[in-house]
Amino acid sequence: MSVALPRLLAGLPSDGAALRWLEHLAVHGPADNFSGESILREVAASGLTGRGGAGFPVARKLAAVASSRSARTPVIVANGAEGEPASSKDLLLLACLPHLVLDGIAAAAMVTGAGRAVLCLHEGSGAADRVQVALEERRSAPDPCPVEVALVPGRYVASEESALVHWLNKGAALPTTRPPRPDQRGVDGRPTLVNNVETLAHLGLIARYGARWFTETGTRAEPGTRLLTVSGAVASPGVLEIETGTPLAEVLAMCGGLSEAVTGYLIGGYFGGWVSPDVGAGLRLSRAGLAGVGGALGAGVLIALPASVCPLQEASRITSWLAGQSAGQCGPCVFGLPAIADAFDTLTRGRLSAAGRRQLDRWTRDVTGRGACHHPDGTARFVTSALRAFHGEVTLHARGRCSAPGARGRTLP
């Protein structure tokens with residue numbers, strides 16, 4: 001059955017403006033015919049999972065917070081602090097479709113009984129003023145709890161769940177060790193639901209239209225749509241709404257096709273993984289479709305790396321950036337990631353010995369699963385995937401050559 005899209009992006013203004021409250025209601029209709037119990041049932045039946053990277057079942061999070069509300073009134077944290085540099089989907093929602101996110105916050109508050117909601121944005125994101133306007137427009141709406149806006153420091157790790165909670169509790173915007181989990185004791189010591197803003201936008205639509213409507217798209221195992229930020233060597237880069245399981249080749253066609261030859265695709269963002277063009281040609285963008293190559297959709301990012309750019313230099317640049325973005329709270333980040341970044345840079349310049357390469361491989365294994373947060377794991381996954389996808393380029397660089405047009409035929413610096 002063919003299902004009409006877009007859903008999340010329905011009514012998106014073509015001029016980049018924000019959809020106003022009455023315009024939002026004209027697109028989606030009122031949202032006043034549901035209860036917290038019915039929303040939780042529909043979300044559970046929908047199979048909705050988080051769209052921020054981890055992919056955790058949303059109904060389980062909602063139920064965990066709701067079951068804790070007898071002790072202290074819960075808090076909702078809407079995570080719009082889009083730390084992934086290659087992603088702009090959350091900013092698009094907040095800047096142009098803020099009422100859809102606010103609908104999701106209201107639905108989550110109804111399920112959990114929350115008395116406070118905080119919408120977190122990165123400093124300088126540009127969406128805060130539009131969100132404030134939307135909140136003013138909703139003063140007549142029967143929202144179950146007030147929503148405040150908090151500006152979070154623009155560091156990569158600041159958008160991690162526990163980092164947001166720590167920041168809202170007047171600490172540094174850095175990940176913390178667990179337990180307790182936020183759903184047990186989070187903001188102000190209260191049970192706290194932390195969800196990405198795209199996840200909440202889906203929740204707002206499920207509250208209106210139900211699980212059956214939601215599962216008309218996507219795959220049986222991963223129903224629904226998701227937003228994807230596509231950039232690099234495509235004719236029309238931008239944010240798309242796709243059905244989960246859409247072939248990568250079809251996504252490229254939706255962007256007008258490739259603008260030049262590519263040497264690989266980065267799927268999932270900086271904590272995602274690289275695949276070669278021949279592997280990417282047969283992939284479907286779903287958890288199951290990417291499992292065979294060790295990938296995941298993560299933050300909803302697809303980058304087509306142009307052949308005019310040296311893939312190892314680009315991967316090395318990102319690895320160095322990730323090493324500099326660590327929380328600096330544990331050995332794998334303080335010592336492991338800079339060493340990995342330095343070794344990768346040496347490899348890119350064609351000067352890494354065979355022993356050095358074995359050491360690089362060992363370091364990526366050693367930091368995995370040993371950090372205070374998942375930052376070392378994501379960085380190691382990125383590096384490992386680059387070495388696998390660009391193994392031919394690694395061999396070429398070891399001979400002092402590079403396939404990128406600007407470097408072809410000359411010795412590397």
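Here is a quick tour of a sheet, a helix that packs on it, and some salt bridges in a predicted model.

Let's start with the sheet. Four strands line up in the order S3-S2-S1-S4, with parallel pairing, and the sheet is open. Strands S3 (147-152) and S4 (192-196) sit at the edges with a single partner strand each, so one side of each has no neighbour in the sheet. On average, neighbouring strands are turned by 25° against each other, direction ignored. S4 pairs with strand S1 (residues 75-80) over five bridges, in the parallel sense. If you want to find one pair of partners, look for Ala 78 and Asn 195 in S4. Helix H8 (residues 197-209) packs on this sheet and touches S1, S2 and S4, its direction making about 95° with that of S4.

Now for the charged pairs. Side chains of opposite charge can pair when their charged atoms come close. The whole structure has 16 salt bridges, including these:

| Salt bridge | Closest N and O atoms |
|---|---|
| Lys 89 and Glu 198 | 2.9 Å |
| Arg 208 and Asp 103 | 2.6 Å |
| Glu 136 and Arg 139 | 2.9 Å |

Lys 89 lies in helix H4 (residues 89-96) and Glu 198 in helix H8, so their pair ties together parts 109 residues apart in sequence. Lys 89 is buried at 2% relative accessibility, and Glu 198 is buried at 0%.

Arg 208, also in H8, links to Asp 103 in helix H5 (residues 98-112), 105 residues apart. Arg 208 is buried at 16%, as is Asp 103 at 7%. Both belong to a salt-bridge network with Arg 138 and Asp 143.

As for the last pair, Glu 136 is partly exposed at 47%, while Arg 139 is exposed at 64%.

Notes: Residues are numbered from 1 along each chain as its sequence is written. This is a predicted model: local features need pLDDT of at least 70, side-chain atom pairs count only at pLDDT 80 or more; totals for chains, interfaces and linings use all residues. Side-chain values use heavy atoms; hydrogens and water are left out. Two strands pair if DSSP finds at least two bridges between them. Helices (H or I, at least four residues) and strands (E, at least two) are DSSP runs, numbered from the N terminus. Axes are lines fitted to C-alpha atoms, for helices over the stretch in contact, and angles run from 0 to 180 degrees between N-to-C directions. Contact means heavy atoms within 4.5 Å. A salt bridge is a side-chain nitrogen of Lys or Arg within 4 Å of a carboxyl oxygen of Asp or Glu. Buried means under 20% relative accessible area, exposed over 50%, partly exposed in between (1.4 Å probe, protein chains only).
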